[in-house]
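Visitor: I am new to this structure and would like a close look at a single part. Could you walk me through the salt bridges, please?

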Amino acid sequence: MLLNEQMEIPSEVPKITQPRSHKAKVCVWSDLTVNDVDRIRESLNADHIKQVLADVFNLDDHKDNLKTGIVMDLYFYTLQFARDNNFTKEKTSAFFSIIKKTHEVCIETPFGNLDQTFSYFKDLLLCHAVNRPPHSIELFTPDEIRKITEYTVNTYFRHFKMYKYAFTPLVRLDLSLTYTGMPETPPPSEAGETPAEIDVPMEEAPELPETEPAEAPPAEPKSPEPEESKARKELRAMVQSYLTEEIKKMKLSVEEQLKATEDSLSKKIDTAEGGGNKSGKGGRGSAKGKKK
């Protein structure tokens, strides 16, 4: 089998969603209805709340699937925060939708979109904090807006890259370069074999006829190596000249540093010797004065 037949090359490059801006709008009762909020409020423990969320958002495999488990934890702690702050039904539904839509914008693209996601989160909060119908409603108080912002920044946006890693595919760029004047490189094989070895199986390879040692043909002369192309020679010369100049600059810089260090040390030695001579003369003079 040929190498080209083994490797499946996609005909078209898959389209990947690029980071983009989103328009925020009022989202009360968009994800959690009144009945859903009532069922959650009637729940007495965490397992019952997770069961309600699993029924509403089809998260039945949250105990086995890691991605579903992460989403379940995100939704559960969002509702727990709403319950701790005594949010009403409307506020609980709106806050839940804000977190859910922010998460959806985060994972829509594998590229970095932190700025777009955080801007969309702020716009969603603004839509539920200012009385300007039909564009926004005054649902949350300024103190509640502050608490929601602090909670979301310290929980979701602090682990933004973790959510991005868990829910978006890995994008790999295969880059190929073509140089003018150079022979084309054959595509690599997975088994480390050349295309010629793959085309001809070992079993079907023709066997060479046995010949006597005396009648062995003389060894063929080695073919001369192909001459280096002109472009390759120019590139080699440019690289060598550049490296030579850089080495010269490095040598000069090292020599200057060594010379500066020597000058500094010699000055310090001269200063130390001069101070010692002065102190010695002063000591002798004082001794003579005492003798007198």
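**Salt bridges in and around helix α7**

Guide: Let's begin with one pair: the side chains of Arg146 and Asp143 meet in a salt bridge, with N and O 2.7 Å apart. Here a salt bridge means a side-chain nitrogen of Lys or Arg within 4 Å of a carboxyl oxygen of Asp or Glu. This is a predicted model, in which local features need pLDDT of at least 70 and side-chain atom pairs count only at pLDDT 80 or more, while totals for chains, interfaces and linings use all residues. Residues are numbered from 1 along each chain as its sequence is written, and side-chain values use heavy atoms, leaving out hydrogens and water.

Both Arg146 and Asp143 belong to helix α7 (residues 142-155), where they sit 3 residues apart, about one turn of the helix. Helices (H or I, at least four residues) and strands (E, at least two) are DSSP runs, numbered from the N terminus. Arg146 is partly exposed, with a relative accessible area of 41%, and Asp143 is partly exposed too, at 37%. On this scale buried means under 20% relative accessible area, exposed over 50%, and partly exposed in between (1.4 Å probe, protein chains only).

Arg146 also forms a salt bridge with Glu150, where the closest N and O atoms are 3.4 Å apart. Glu150 and Arg146 are 4 residues apart in helix α7, so about one helical turn separates them. With 42% relative accessibility, Glu150 counts as partly exposed. Salt bridges with shared partners join Asp143, Arg146, Lys147 and Glu150 into one network. Side chains of opposite charge can pair when their charged atoms come close.

For a pair that links distant parts of the chain, turn to Asp55 and Arg39. Their salt bridge has its closest N and O atoms 3.5 Å apart. Asp55 lies in helix α3 (residues 46-57) and Arg39 in helix α2 (residues 34-42), 16 residues apart. Asp55 is partly exposed at 40% relative accessible area, and Arg39 is partly exposed at 36%. By the salt-bridge rule, the count comes to 10.

Finally, a word on confidence. The chain averages a pLDDT of 81, and 76% of the residues score at least 70; pLDDT is the predictor's confidence in each residue, from 0 to 100. Among the elements of the chain, helix α5 (residues 89-106) has the highest mean pLDDT, 97, and helix α1 (residues 3-6) the lowest, 44.
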